[in-house]
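These are my notebook entries on one structure. I begin with the chain as a whole and then turn to single elements and residues.

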Amino acid sequence: PACRQNPDTCIPVIDGGDGWLLDVNMQRAAAYNMPFALAVGTWDHYASSPTGVNMLMYWWSPDTTFIDLSPTPVKFPENDQEGWLA
């Protein structure tokens, strides 16, 4: 939603497999008004896309696929269960 009117401002975000965090990233984009352009690719696309384009990607440890890129983590607020219940 944040970049729908101006797609040139969208930040590419890629997931692999069957969209490991696609639903979570859709919620984050809406909740935090983040200009995400979300995509799901095969493992080969997932592993190669961030090497040629400045983009966000899902990554886990101890996987070394993106270690040479020296990625910077994006930290989101911790879940506040009490806040949701209030």
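**Entry 1: The chain as a whole**

I looked up burial first: of the 86 residues of the protein chain, 20% count as buried. I note here that the model is a predicted one. I then looked up the exposed surface, which comes to about 6500 Å² for the protein chain. Carbon and sulfur atoms supply 53% of that surface.

For the dimensions, I took the C-alpha trace along its principal axes and found a span of about 45 × 35 × 25 Å. I also examined contacts between residues at least 6 apart in sequence, and 54% of them join residues at least 24 apart.

**Entry 2: Elements and their order**

I counted three helices and three strands in the protein chain. In what order do the elements run from the N terminus on? I read the order as β-α-β-α-β-α.

**Entry 3: How the strands pair**

I followed strand β1, residues 11–15, and strand β2, residues 36–40. The two pair in the parallel sense, and I recorded five bridges between them. Between β1 and β2 the chain passes through helix α1, residues 22–31, and I noted that this β-α-β crossover is right-handed.

I looked up individual positions next. I11 has F36 in β2 as its bridge partner, and P12 stands opposite A37 in β2.

I then turned to strand β3, residues 56–57. Two bridges join β3 to β1, and these strands also run parallel. Here I found I14 opposite M57 in β3.

As a reminder for reading strands, I wrote down that side chains in a regular strand alternate between the two faces of the sheet.

**Entry 4: N25 in helix α1**

I selected N25, which is found in helix α1. Is N25 buried or exposed? Buried means under 20% relative accessible area. N25 has a relative accessible area of 9%, so I entered N25 as buried.

I then asked which residues N25 touches, not counting those up to four places away in sequence. The list is V13, D15, F36 and L38. Of the elements noted above, β1 covers residues 11–15 and β2 covers residues 36–40, so I place V13 and D15 in β1 and F36 and L38 in β2.

**Entry 5: The two sides of helix α2**

Helix α2 comprises residues 43–52, and I found Y46, A47 and P50 buried in it. Why do I speak of one face of the helix? Seen down the axis of α2, the buried residues fall within an arc of 90°, so they line one face.

I looked up what covers these buried residues, and the cover includes β1 and β3. On the face of α2 turned away from the buried side, I recorded the exposed residues D44, T51 and G52.

**Entry 6: Aromatic rings**

I noted that a pair of aromatic rings is described by the distance of the centres and the angle of the planes. The structure holds 10 aromatic pairs. I looked up W20 and Y58: the ring centres are 6.4 Å apart and the planes are at 50°, so this pair is tilted. W20 lies in the loop between β1 and α1, and Y58 lies in the loop between β3 and α3. The pair thus links distant parts of the chain, 38 residues apart.

I checked the accessibility of both residues. W20 is partly exposed, with a relative accessible area of 36%, and Y58 counts as partly exposed at 29%.

I then looked up W43 and Y46, which form a tilted aromatic pair with 5.4 Å from centre to centre and 45° between the planes. They are three residues apart in helix α2, so about one helical turn separates them. W43 is partly exposed, with a relative accessible area of 39%, whereas Y46 counts as buried at 0%.

Finally for this entry, I recorded one aromatic cluster formed by W20, W43, Y46, Y58, W59, W60 and F66.

**Entry 7: L85 in helix α3**

I ended with L85, which lies in helix α3. Its relative accessibility is 67%, so I entered L85 as exposed. I also looked up L85 together with K75: they are 10 residues apart in sequence and 23 Å apart in space, C-alpha to C-alpha.

Note on methods: Residues numbered from 1 in each chain as written. Predicted model: local features only at pLDDT ≥ 70, side-chain atom pairs only at ≥ 80, totals over all residues. Heavy atoms only, no water. Helix = DSSP H or I, 4+ residues; strand = E, 2+ residues; numbered from the N terminus. Buried < 20%, exposed > 50% of the residue type's maximum accessible area, 1.4 Å probe, protein only. Contact = heavy atoms within 4.5 Å. Areas by Shrake-Rupley, 256 points an atom, 1.4 Å probe, with all protein chains shown as cover. Pairing = 2+ DSSP bridges. Right-handed = clockwise from strand over helix to strand, strands pointing away. Arc of directions from axis to C-beta. Phe/Tyr/Trp six-rings, centres within 6.5 Å; stacked < 30°, edge-to-face > 60°.
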